[in-house]
Number of protein chains: 2
Amino acid sequence: MSAVERVRAAYARNAEAGRPEAWITLRPEAEVLAEAADVDRRVRAGERLPLAGTVVAVKDNIDVAGLPTTAGSPAYAYSPAEDAPAVARLRAAGGIVLGKTNLDQFATGLVGTRSPYGAVRSAWDPTRISGGSSSGSAVLTALGVVDIALGTDTAGSGRVPAALNGIVGVKPTIGLVPTTGVVPACRTLDCVTVFARELNLAREAVELMSGPDGVDPLARADAPAAPLDARPLVAVPTAEHLEGLADGWAEAFQGVVSRLAESGVDIVEVDIAPLLEAATLLYGGAFVAERTAAVGDFIQEHRDLIGTEIDPTVAGIVLAGTEARAADYFRDREKLDRLGLEGLARLGGAVALLTPTTTWHPTLAEVAADPLGANSRMGRFTNFANLLDRSALAVPAGVVDGRPFGVMLTGAPFADRTLAQLAERVAAPPVELFVVG
Amino acid sequence: MSAVERVRAAYARNAEAGRPEAWITLRPEAEVLAEAADVDRRVRAGERLPLAGTVVAVKDNIDVAGLPTTAGSPAYAYSPAEDAPAVARLRAAGGIVLGKTNLDQFATGLVGTRSPYGAVRSAWDPTRISGGSSSGSAVLTALGVVDIALGTDTAGSGRVPAALNGIVGVKPTIGLVPTTGVVPACRTLDCVTVFARELNLAREAVELMSGPDGVDPLARADAPAAPLDARPLVAVPTAEHLEGLADGWAEAFQGVVSRLAESGVDIVEVDIAPLLEAATLLYGGAFVAERTAAVGDFIQEHRDLIGTEIDPTVAGIVLAGTEARAADYFRDREKLDRLGLEGLARLGGAVALLTPTTTWHPTLAEVAADPLGANSRMGRFTNFANLLDRSALAVPAGVVDGRPFGVMLTGAPFADRTLAQLAERVAAPPVELFVVG
């Protein structure tokens with residue numbers, strides 16, 4: 001298929017899918033088709049474009065030149081003159097950006113409902129949430145509108161919605177993909193992530209986007225990872241930390257563990273309590289002040305918009321860090337460091353921790369009834385990764401009660417490729433897309 | 001010489017040197033001689049002890065089992081049951097600890113005068129300061145009382161007193177030597193350092209102390225460094241940042257630069273303004289709250305001792321971080337990251353930055369007249385290193401006006417050995433010790 005044909009198909013699929021809330025800005029089809037025609041010309045002229053005609057959606061906290069960046073807040077919007085390097089690198093490889101996707105405002109949330117642009121519904125069940133914060137990106141990928149979509153991830157925003165929509169979500173090591181041109185949630189923890197239906201395509205996009213850009217001070221060059229052992233060791237949580245999952249998910253998870261063991265992987269059960277305690281620091285202590293530093297002033301200056309253009313739950317979280325003391329941050333940092341050392345030591349040399357990606361898939365009504373509580377339950381297995389500089393990868397692992405169930409591999413920094421090798425052994429075969437919009 | 005003979009000589013030399021203020025706790029000679037006799041026995045029995053009989057002093061913010069750790073404050077003192085790993089590893093290699101040395105209280109200072117145990121005087125000139133905060137350790141090494149001494153370094157405390165006393169000060173990459181059992185100044189920036197008269201001995205001690213201990217979450221395994229180029233590139237500051245040095249020091253520095261160039265090193269002049277601006281964040285912003293987190297509560301609870309057992313300048317610095325906001329820390333952190341990226345990029349691929357270690361050598365009276373100002377001038381070239389995760393090495397580089405002049409090499413993390421190779425080309429030949437006490 002030519003790029004032009006793929007773009008046409010994408011717009012047709014988008015109309016068919018009927019999820020307008022997934023987009024914040026959808027570019028005019030004619031404009032995108034002109035770009036696609038240019039890609040086709042370059043390919044015919046012999047240019048090597050590894051992503052030629054790959055249709056891309058970009059979370060609306062990542063700059064695309066000429067389109068507003070809203071971060072989910074109309075009042076915050078600005079018009080970047082340049083693509084974020086992550087976007088520019090995909091475009092340079094032949095990727096074609098269709099538009100900007102809806103998100104939990106300021107990437108604060110795991111639900112996909114915290115947006116004045118509308119609550120994003122699951123690709124599989126419109127009564128349920130999409131997950132977030134990269135809500136629109138995940139849903140549009142799952143529905144086959146786009147081939148890949150960019151998200152971001154600080155607490156699980158690039159993984160939870162992958163699980164709830166039955167797709168792959170790659171959260172690379174912090175700094176591998178520069179965050180230049182990305183609205184910060186927690187600047188030192190944020191990652192650009194990729195959604196795709198196929199692991200290989202997601203990984204290819206990450207590789208293309210990787211490498212310091214000379215602007216992001218936290219960007220890091222990739223570091224060679226050790227090859228996967230012939231018989232790798234993978235850790236799984238003990239039973240107590242697998243309690244409270246959605247009906248059928250514990251059984252589905254055990255199925256994945258069995259499949260992995262049968263593939264020649266040694267499994268070790270570990271107590272992940274220190275990792276879960278570390279995770280609580282992301283919102284429960286002074287770390288939240290990094291969100292305050294990012295957008296607290298904006299919210300303070302626009303307090304009158306809270307409840308309309310500014311999501312009240314998001315505002316509450318961001319402003320909660322206003323009074324936090326720097327000395328308390330340093331105390332929390334020490335606590336985090338100690339919990340990380342203890343928690344990672346318990347993995348006993350395992351190359352990855354395998355967990356469910358999230359714990360349940362609430363309905364829109366359940367989240368509306370308990371915005372903080374419903375969200376908090378969802379981050380059990382994702383919240384600690386960025387705090388402890390982990391790489392992670394979420395893959396679909398089957399269907400339970402007609403909805404996707406996903407698992408996640410979490411590993412050392414720069415273990416991204418190793419996780420992908422392991423993920424090939426556990427990912428369920430791709431599922432046909434359901435369009436239920 | 002046997003260990004027993006070396007210990008006897010050390011006590012004799014100590015008596016001769018007449019610098020009681022350099023010690024906070026000096027162990028009874030008989031007790032240390034018994035330990036030395038044991039080392040001699042083990043050597044005779046064929047045990048390999050690379051530091052057999054090496055006489056060691058330990059800064060009094062590092063635990064030595066059975067001796068109080070005061071951190072320069074009698075009220076703070078506690079009696080550790082175990083050696084810090086840094087100390088334990090030297091002792092396991094045959095090192096013999098004579099006692100604990102005086103310091104700027106809570107390792108807060110570059111002068112050596114901020115201690116209720118007395119102002120430590122330069123080994124070369126008793127009217128002038130020793131430099132600090134590792135004051136006693138540096139002076140006792142310079143006077144030949146001990147072979148090596150442990151210090152710590154957050155802002156220059158392991159380098160400035162090396163320069164002012166004409167000895168070597170090695171500040172390894174953060175985390176190479178575990179800081180378990182070290183009273184924190186700024187926990188995430190602190191390094192255990194080594195003073196010696198000979199570079200090789202200092203380096204050997206660092207190698208022996210290196211390696212994660214399973215307790216310090218910030219400990220890092222050494223990483224292989226690239227070998228030194230046949231014609232390495234070394235950066236030096238442009239003239240404007242070499243202004244205001246003590247009389248004769250600019251000329252002495254140029255002499256070192258010439259010597260280095262003649263040894264086959266390419267020299268590039270770089271504008272280090274971003275690095276110097278980064279350095280100001282250590283005391284000028286929310287970073288100081290890491291000191292507050294460490295000992296702020298102690299000082300608050302003992303306010304009545306300020307001016308007697310607690311140094312007023314130190315108390316002022318530590319308590320200045322009490323009100324700092326966590327959000328301001330995150331803003332300062334971003335500023336630091338950006339200045340670091342810019343400043344390090346300007347080094348243009350140089351393997352190290354060569355600078356004077358400090359800027360002047362004040363008298364005790366000059367420091368007493370302006371405790372903060374005199375100190376602040378001294379940290380120009382040292383303050384940014386730990387903030388920006390640099391390795392550094394201070395070496396003697398001659399004598400100006402009868403007092404030592406020292407230079408420093410600052411490089412990437414894990415470039416410790418590379419810096420040592422370069423330092424061999426610039427270090428002046430060891431100078432005979434002056435005992436002027």
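Trainee: What is the relative accessible area of E334(A), and how should the value be read?

Mentor: A residue counts as buried under 20% relative accessible area, as exposed over 50%, and as partly exposed in between (1.4 Å probe, protein chains only). E334(A) has a value of 29% and is therefore partly exposed. This is a predicted model, in which local features need pLDDT of at least 70 and side-chain atom pairs count only at pLDDT 80 or more, whereas totals for chains, interfaces and linings use all residues. Residues are numbered from 1 along each chain as its sequence is written, chains are lettered from A and ligands numbered from 1 in the order in which they are written, and side-chain values use heavy atoms, with hydrogens and water left out.

Trainee: With which residue does E334(A) form a salt bridge?

Mentor: Side chains of opposite charge can pair when their charged atoms come close. The rule for a salt bridge asks for a side-chain nitrogen of Lys or Arg within 4 Å of a carboxyl oxygen of Asp or Glu. The partner of E334(A) is R338(A), with 3.1 Å between the closest N and O atoms. The two residues are 4 residues apart in helix α11 of chain A, so about one helical turn separates them. R338(A) is also partly exposed, at 39%. Helices (H or I, at least four residues) and strands (E, at least two) are DSSP runs, numbered from the N terminus.

Trainee: How many salt bridges does the structure hold over all chains, and which residues are linked in a network?

Mentor: Over all chains there are 56 salt bridges. One network joins R27(A), E31(A), E35(A), D83(A) and R91(A).

Trainee: Which parts of chain A does the pair of R220(A) and D389(A) tie together?

Mentor: Their side chains form a salt bridge of 2.8 Å, N to O. R220(A) belongs to the loop between α6 (199-209) and β7 (233-237), and D389(A) to the loop between α14 (383-387) and β10 (391-400), so the pair ties together parts of chain A that are 169 residues apart in sequence. R220(A) is partly exposed at 27%, and D389(A) is partly exposed at 22%. Another pair crosses between chains, from R331(A) in helix α11 of chain A to D297(B) in helix α9 (residues 289-301) of chain B. The N to O distance in that salt bridge is 3.9 Å. R331(A) is partly exposed at 31%, as is D297(B) at 46%.

Trainee: How is chain A related to chain B?

Mentor: Two copies of a chain are related by a rotation about an axis and a shift along it. Copies are superposed by least squares on the C-alpha atoms of residues with pLDDT of at least 70 in both. Here a turn of 180 degrees, with a shift of 0.0 Å along the axis, lays chain A on chain B with an RMSD of 0.0 Å. This is the relation of a two-fold axis. The same surface serves both copies, as 100% of the contact residues of chain A recur in chain B; contact means heavy atoms within 4.5 Å.

Trainee: What area is buried between chain A and chain B, and how many residues are in contact?

Mentor: Buried area is the accessible area (1.4 Å probe) that two parts lose on being put together, summed over both. Between chain A and chain B the area is about 2300 Å², with carbon and sulfur atoms giving 60%. In this interface, 28 residues of chain A are in contact with 28 residues of chain B.

Trainee: How many salt bridges and polar contacts does the rule find across the interface, and which elements give residues to the side of chain A?

Mentor: The rule finds 8 salt bridges across the interface. A polar contact is a pair of N or O atoms within 3.5 Å; within protein, one must be able to donate a hydrogen and the other to accept it, and residues adjacent in sequence count only if both atoms are side-chain atoms. Across the interface, 10 residue pairs are in polar contact, both residues at pLDDT 80 or more. On the side of chain A that touches chain B, the elements giving two or more residues are α9 (289-301) and α11 (326-346). The largest share, 10 residues, comes from α11(A).

Trainee: Where does T108(A) lie, and is T108(A) buried or exposed?

Mentor: T108(A) is in the loop between β3 (96-101) and α4 (135-142) of chain A, and is buried at 1%. The side chain of T108(A) makes a polar contact of 3.0 Å with the side chain of R291(A).
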